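Please open the model in your viewer and keep the selection panel at hand, since this tour goes from the whole chain to a few chosen places.

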Amino acid sequence: MTNPGTDPLNPQMHTEQSYHGFEVQKVTPLDAIGGYCYALAHRATGARYIHISRDDGENAFGVGLKTVPQDASGVAHILEHTVLCGSKAYPVRDPFFAMLKRSLSTFMNAFTASDWTLYPFATQNQKDFYNLLDVYLDAVFFPRLDALSFRQEGHRVEFEPEADGREALVFKGVVYNEMKGAMSSPDQVLGRSLLNALYPDTTYRHNSGGDPRAIPDLTHDGLQQFHQRHYHPSNAYFYSYGSFPLADHLAFIEEKVLQHFSAIDPQTTVANQLRWTTPREVTYYYPIAPGEDAARRCQIGLGWLTADIQDTFEVLALSLLEQILLGNQASPLRQALMQSELGSSLADASGFDADNRDTLFFCGLKNVAPEDAPAIEKLILTTLETLATEGIDPALIESALHQIEFHRREITNSPYPYGLKLLLLITSTWLHGGQPESLLDLDPALQRLQRALDRGSFFEERIRSYFLDNPHRVRFQLLPDDQMQSTEAARETARLEKIETRLTDAERATIREDAQALKQRQETQEDLAVLPTLKRSDIPPVVPTVAASPLGTADGIRCYDLPTGGIFYLTGALRLPPLADADLPLTSFFAYAFTRLGTRRRDYADLSRRIDRYTGGIDLALQTRTLYDPAGTPQPFLTLNGKCLERHQPRLFELLAELAGEVVFTDLAQLRRVLLEYRSGLERAVVNNGHRLAISLASRNLTPSARLHECWYGVHQLRAIKALSDQVAEADMARLAEDLSRLHRQLFQPRNLELALTGGSMSLEAALPRVADLKTHLPAPCGTDAETIYTTEQERVREGWQTSTAVAFVAQAFACVRYQHADAPALAAMAKMLRSLYLHREIREKGGAYGGFALYNPEDGIFALGSYRDPHIVRTIQIFGGASDFIAAGDFTNEDIKEAILQVCADIDKPDAPGAAARKAFFRQMLGLTDEARQQFKARLLALDRPALQAAAQRYFVGAPENRATAVIASGEALDRANVELGEQLLEKHEI
């Protein structure tokens, strides 16, 4: 029996011992993150378990299951939704969503991948951990899976009234509409089509999320059968992370679940794809709006099947090869593709994908002409042949290895809690029979890699074996089709008409009865007392704070002495001076282009190599913020962020000084490439983040900061960049370069710069003299003729924005009070209550949209309502109008108020890694938000009662619809239909 080292959190755990039916098979120290990895197996069922023991209060759990679809009906995806609609111990219609309100969780969700489904959560509270664990386990292993839940989440047909008074049969269902939205997005279409092309003989050829054409083929019985085989402990992979004792987790899972099952063979092993002997060519299509210009709207590239995911050493090698070939502006394959000027940016899904049993590599270009496919193929293969023959620049290999080292060291909670990031790192390998600890402890693999590198030609050999000599390759084309949306709509209509003509009177009656039964269930006020919950007394009364060190408090420098694991962070904030209106849209592109264009002493490729070789990243970004003063003064910032291993701190400062003082915009060819790449990213966001863009549109005239946000990050930024990038002649680029140079001189002013430094004490002391040197490299002061730009208009918008999408994104917004006001905590709580008590039911459950939500922005004093991947426009606008009546009526309980407070406090208390925590503290100080004010806000929140909420609801929601701004992003046809119904309250149409 062994336990390498001593784990103070689980000192009794040793290999070859059994605990609550689990045998400890392996214990691996994880020195890089200061933890231990336990691998266990359950004797009776064969369930697997990984626990990462680490002194981190944000504990996490997940249970994963191999889910292997045999068609494109979306069975795994629909099952993921439906198991969360009530279970044996918790027979309420949505225990998962209800627990969002009864918890202090830092994360709750579920994911469906191509061949696995995962149910993860994270929380800092031990009582909360076991509350959530109980609900999750019961949902996964003992769900009700009743027919009504299947119809709500998956698909159903209903009769729906039309504008002319007649009824039409329509498809409904949350997943059905979600996937209609997903398949409107070119990147989603490309990713799923690429799997179909490269894996024609395995489960990956099917759209695991569900093809809207195939989703209606799934039966309720088929869903239940899929659950019976796939959601069994013999097919389950349990995971936990953090400081809570492992033995307690094992006992809980054994008692709640595993003792009730015996072992089975779930038959979920995914076989390797049979390898081809010759390459293939494939073509797929994605929708664009009718009449939209299809010229140069293709995506073309090459895709290869590469290593088996079980071979973690080769997966590591391919991950590094991706960084070498595509990872930065100097990467040779990326550079060759971009300098060809055949397209605007790398194709979606470019890179190495290690999520499937056989891994894949894809690269190509987007916004290309179809006739350029042979040229793109030849360019890729020629570039790879040159690298394999002539060798790879050793500096690129060093940079790739440095990036591996940096990201192993850096512990972050973004975009997921750290424990769940580790889970997502190992899931695919683990579920396919690989060794997850080999991904958590890379030292042996890196040592083996170094020995191989010393022998020479390591990566060159892999280029030849995985790419040049690998016949399992496709030349992939994704072409635009401006008739696809109408063709799919006509196909759907024809299918529904065929169904309707065959309906008997009894079947019509059943459809109406089912619709009524579902509506009745959705409107029933359930007793949720059966679900576990926290109390107000479980909420920590104080807000988390980060104190600055006494070091460097003069000259606008704040130091944060925090345990960062040997990483140094720098954030520089430049308060923006007044700028002319004409310069506003350009400022966001300036920030994007800043690190991509080179300096007076080195070109963009050399600069990019050095950034990757010595840092964890340098970037420039805009923040649209508002001071916490009585006037709500807008205060935009330009933020310069950099991070590095402590030993590379001198190099980081050298690079920052070079960029800040010597950036140039004279490489007009690279400037054009960067501009087109930036535009491509903005276009991609429209369908994927339509809800955020709609809220930005609706909010833009409410405050100066909201106007700036829309100008820099919203639809208006995309429109401005489209206009700019439609003029790319050399003279146009020369004028753009002059404008960017002028902006650089105006924005980088020494007097405007404040800095936050984060790291260990020795690192901070070493940084202070380097800060002084950095400031000397800033441009000489340069004035501006502009007087002020930070104003806003009074007009409330009511707009529809046209794009190519099969679903809609609907938003409304109105101005209210800000953080310091006594009503601010009530508004924060009301946003949570509106979402959980009203919008979720009306927009998601009844309306079939993927989601409906309410947001309160206390910094700006803006309240917003929104929907995501929504099949309705007019109905949703009406629901938003009804939100005022709902909240003003006060039809909520003290328990509802407590649950809203829990949700707001979960946001307030969500932990941050040291670098992010210090950065937030720094900006709070710059904006005038004191820890005392934060504590006062939380105290008022914890003291909220019904009278205070009702009074606030009357003040801000009665009469609010007249003051609301409305913005919708949808197809032109959907906007036209909505305007017919809206009558005089038309949406003013615009094109994105």
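For the charges, Lys and Arg count as positive and Asp and Glu as negative, while His and the chain ends are not counted. Counted in this way on this predicted model, the chain has 100 positive and 127 negative charges, and the mean positions of the two groups are 1 Å apart.

Stay with the whole chain for a moment and turn it slowly. The C-alpha trace spans about 80 × 70 × 60 Å along its principal axes. A compact globule of 992 residues would have a radius of gyration near 30 Å, and the chain, with 28 Å, agrees with that. If you switch to a cartoon view, the secondary structure comes to 34 helices and 28 strands. Of the 992 residues, 61% count as buried, and the chain exposes about 37,400 Å², of which carbon and sulfur atoms supply 49%. Among the contacts with a separation of 6 or more, 81% are between residues 24 or more positions apart.

Next, select residues 75-82, which form helix α1. How many of its residues are buried? The helix is mostly covered, with 8 of its 8 residues buried, from Val 75 and Ala 76 through His 77, Ile 78, Leu 79, Glu 80 and His 81 to Thr 82. To see what these buried residues pack against, add the strands β7 (111-112) and β8 (116-123), and then the helices α4 (147-153), α5 (174-182), α7 (220-230) and α28 (824-846).

Now move to the largest nonpolar core, which has 80 residues, and select those with the most contacts inside it: Phe 568, Phe 589, Phe 590, Leu 638, Phe 748, Leu 757 and Ile 969. Helix α21 (residues 649-662) gives the most to this core, with 7 residues. Apart from this core lies another, of 74 residues, among them Leu 865, Met 926, Leu 975 and Ala 978.

Return to Phe 590 and show its surroundings: leaving aside residues up to four places away in sequence, Phe 590 touches Leu 620, Leu 638, Phe 665, Leu 740, Leu 743, His 744, Leu 747 and Phe 748.

Finally, select Asp 355, in the loop between β15 (351-353) and β16 (358-368). Is Asp 355 buried or partly exposed? With a relative accessible area of 41%, Asp 355 is partly exposed, because that value falls between the 20% and 50% limits. Not counting residues up to four places away in sequence, Asp 355 touches Asp 115, Trp 116, Ile 309, Ser 428 and His 432. As a last step, draw a distance from the C-alpha atom of Asp 355 to that of Ile 215, 140 residues apart along the chain, and the separation is 24 Å.

Note on methods. Residues are numbered from 1 along each chain as its sequence is written. This is a predicted model: local features need pLDDT of at least 70, side-chain atom pairs count only at pLDDT 80 or more; totals for chains, interfaces and linings use all residues. Side-chain values use heavy atoms; hydrogens and water are left out. Helices (H or I, at least four residues) and strands (E, at least two) are DSSP runs, numbered from the N terminus. Buried means under 20% relative accessible area, exposed over 50%, partly exposed in between (1.4 Å probe, protein chains only). Contact means heavy atoms within 4.5 Å. The radius of gyration is taken over C-alpha atoms; the globule rule is 2.2 Å times the number of residues to the power 0.38. Accessible areas come from the Shrake-Rupley method with a 1.4 Å probe; for residues, only the protein chains shown count as cover. The place of a charge is taken as NZ of Lys, CZ of Arg, CG of Asp or CD of Glu. A nonpolar core is a set of buried Ala, Val, Leu, Ile, Met, Phe, Trp, Tyr and Cys residues joined through side-chain atoms within 4.5 Å.
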